[in-house]
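Thanks for asking me to look this one over. My notes follow as numbered points, so you can check each of them against the structure.

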Amino acid sequence: MDNRSIIKQLKLQAALMELHDENSFKIRGFNNAVFNLDKVEVELATLSQQELEGLEGVGKSIAATIYEIVQKGASQALEDYFESTPQGIIELLDMKGIGPKKIKVLWKELGIESGHELKEAANSGLVANLKGFGEKTQQKIIEALEFKEANANKLHYAEAELLAEVLMEELSGLKNIGDVAPTGALRRKMEVIEVVELLVAADDFDKAEEEINALEGFEQDVKASGPIKWVGLLAEHATPICLIFSTPEKFVQNQLLYSGSVAHLATKVAEKQTIRELVQTKEFDTEEGFYKAIGLAYIAPELREGFFEIEAAKNQKLPKLVEMEDLKGILHNHSTYSDGKHSLEQMATYCKELGYEYLGMCDHSKSAFYANGLDEDRIIKQHKEIDELNEKLAPFKIFKGIESDILYDGQLDYADDVLESFDFIVASVHSQLNMNEKKATERLLAAIENPYTTILGHPTGRLLLRREGYPIDHKAVIDHCAKHNVVIEINANPWRLDLDWRWVHYAIEQGVQLSINPDAHEMDGYHHMKFGLLAGRKGGLTAEMTFNALPLAEIEKHFERKKSQVKANA
Ligand SMILES: [Zn+2]
Ligand SMILES: [Zn+2]
């Protein structure tokens, strides 16, 4: 069992303890252990009970619980809680913004045992009348439930890609199946996937279907399936799968028809015919050949949204999309100085090993106390360590950055003389996320105006499928970044992908550069760069407009120029 699954169980147990009014001291112990275990590098499953007790924040009873989870798959205490708690209540525990204490009141006082019942109670106004709830909380509950419903069974892109790989591996060995390739939203690299769609080549669809149904874990939804598609689920995955059959001869044509969005396919090109009509009437062997045959430059699958790509392709203005090899450094990362899992040296060494020229270290700032944000003394200490490492690792360079919280009023998190000591600053919102659009936008505009702000971090704070971002006026924010020479981050964490790709094209048009930042909290976090890259490409991002495609000497110059502007304006 991996650490993540163990920690997940501990978290759930802590929530259930709270729900069942256990001793608060004990609950704190659990939460504290979870906080510390998140950073542990060794595999917990390989440790003895005694070794577990030696870990920071883990006492005798929690060590015993972990050991039990590893040995039996779940602790007895958790199993007991499952017995005495309705399934619907357990599901409600992971609802954002409402804790176990409130859920208990809903359960005990209103007899609510499921999300469905809770929604009914909230809609009828019963929840607002409960002590400690009120209209606002009731509204929040309704919104959280609706968000949860709308996102049930969906995956973010990185997870969908993994599932697709498993499927392709399974299908590729079958006798009656030829080529298998991602199609639909998956092939267009959409940030959220509702159905994992694959195009499957076969001469005899019935035989192919029979073979698929014989595979272990493949459960067909017969009603939803049809003569040319197999719809169903794979084992424990809740996300629907759609396998679309195609003869090998029509594979390219079908790939164009299934991977283009409705808007792309409905767009009229020359001869007043739509892309869809042209796919069905023209002769071609490859996708490149198709676009050539209709007089357009080749449109990469991720751009086929009916957004700006067809006009651009007509006018020979399609962007040359940024590639992984274009990226020269990794900005915005965390170390053990704040809430990261690996040390500054480990993060730097690994970044260098991956072939990058520079690293931007951006631990949390002091207001982010929950993330162990850096006070002024620890900043001095970190800068000293960076200087030493830079001597050792040259010509590789670590830049002294910080992820400064944007405070309630848009101020950054330190006095000017401290801000001055950094090479660059990523400014991000982490607290008080419940602002309306006007307030949230003004807060960002103020931070963008701050002459020390180099990059605007994850602009909306969204967590895909988990939490909507705060509403902002994207145009106003982008325009302000253009005016004040501030770069905007595409946070590459697959849960964020924020700035949203739909705004990348507009940002580029305004001359705003984008930085693909993994926001890595551990060495492996660097590999998220790929997902930020895909999001950028989807919005039409080029190497020229990618900030961290700048080589070391150039980005150094940018940081210096930005800082000299502060002095010039002082
Ligand atoms: Zn952040
Ligand atoms: Zn961060």
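**Notes on the model**

1. Ala 235 counts as partly exposed, with a relative accessibility of 37%. Please keep in mind here, and throughout, that this is a predicted model. Ala 235 sits in the loop that runs between β6 (229-234) and β7 (241-246). Its phi is near 35 degrees, which is a positive value in a residue other than glycine. For context, most residues other than glycine have a negative phi.

2. Asn 153 also has a positive phi, of about 70 degrees, although it is not a glycine. You will find Asn 153 in the loop between α9 (134-151) and β1 (155-156). With a relative accessibility of 44%, Asn 153 counts as partly exposed, because it falls between the 20% limit for buried and the 50% limit for exposed.

3. Two peptide bonds deserve a look. The bond from Ala 394 to Pro 395 is cis, with omega near 5 degrees, and Pro 395 belongs to the loop between α19 and β10. The bond joining Asp 498 and Leu 499 is cis as well, with omega at about 15 degrees. Leu 499 is in the loop between β13 (487-491) and α23 (504-509). As a reminder, most peptide bonds are trans.

4. Now to the metal site. Which residues coordinate the zinc ion (ligand 1)? They are Glu 403 through OE, His 430 through NE2 and His 458 through NE2, at 2.1 to 2.2 Å. Along the sequence these donors follow the spacing E-x26-H-x27-H. The pair Glu 403 and His 458 links distant parts of the chain, 55 residues apart: Glu 403 is in strand β10 (residues 397-405), and His 458 is in the loop between β12 (455-456) and α22 (474-483).

5. Glu 403 has a further role in the geometry of this site, as it bridges the zinc ion (ligand 1) and the zinc ion (ligand 2), which lie 3.4 Å apart. Are these donors buried or exposed? Glu 403 is buried, with a relative accessible area of 1%, and His 458 is buried at 0%.

6. Helix α1 (residues 3-19) and helix α4 (residues 60-72) have axes that come within 10 Å and cross at roughly 125 degrees. That angle makes α1 oblique to α4, and the crossing is right-handed. On the α1 side the contact is made by Ile 6, Gln 9, Leu 10 and Gln 13, and on the α4 side by Thr 65, Ile 66, Ile 69 and Val 70. By class, this contact has five nonpolar, three polar and no charged residues.

7. Ser 75 is worth viewing together with those two helices. Ser 75 is in the loop between α4 and α5 (76-84) and is buried, at a relative accessible area of 1%. Leaving out residues up to four places away in sequence, Ser 75 touches Gln 9, Gln 13, Thr 65, Glu 68 and Ile 69.

8. Last, please look at helix α18 (residues 344-353) and helix α19 (residues 376-393). Their axes come within 11 Å and cross at roughly 35 degrees, and α18 passes α19 in a right-handed crossing. The contact involves Leu 344, Glu 345, Ala 348 and Lys 352 of α18, with Gln 382, Glu 385, Ile 386, Leu 389, Lys 392 and Leu 393 of α19. By class, it has five nonpolar, one polar and four charged residues. The C-alpha atom of Lys 352 is separated by 42 Å from that of Ser 75, 277 residues apart along the chain.

Technical notes
Residues are numbered from 1 along each chain as its sequence is written. Chains are lettered from A and ligands numbered from 1 in the order in which they are written. This is a predicted model: local features need pLDDT of at least 70, side-chain atom pairs count only at pLDDT 80 or more; totals for chains, interfaces and linings use all residues. Side-chain values use heavy atoms; hydrogens and water are left out. Donors are N, O and S atoms within 2.8 Å of the metal (3.2 Å for Na, K and Ca); water is not among the atoms, so sites may look incomplete. Helices (H or I, at least four residues) and strands (E, at least two) are DSSP runs, numbered from the N terminus. Buried means under 20% relative accessible area, exposed over 50%, partly exposed in between (1.4 Å probe, protein chains only). Axes are lines fitted to C-alpha atoms, for helices over the stretch in contact, and angles run from 0 to 180 degrees between N-to-C directions. Angles under 35 degrees count as roughly parallel, over 145 as roughly antiparallel, 65 to 115 as roughly perpendicular and the rest as oblique. A crossing is left-handed if the near helix is turned anticlockwise from the far one by less than a right angle, and right-handed if clockwise. Contact means heavy atoms within 4.5 Å. Ala, Val, Leu, Ile, Met, Phe, Trp, Tyr, Cys and Pro count as nonpolar, Asp, Glu, Lys and Arg as charged, and the others, Gly among them, as polar.
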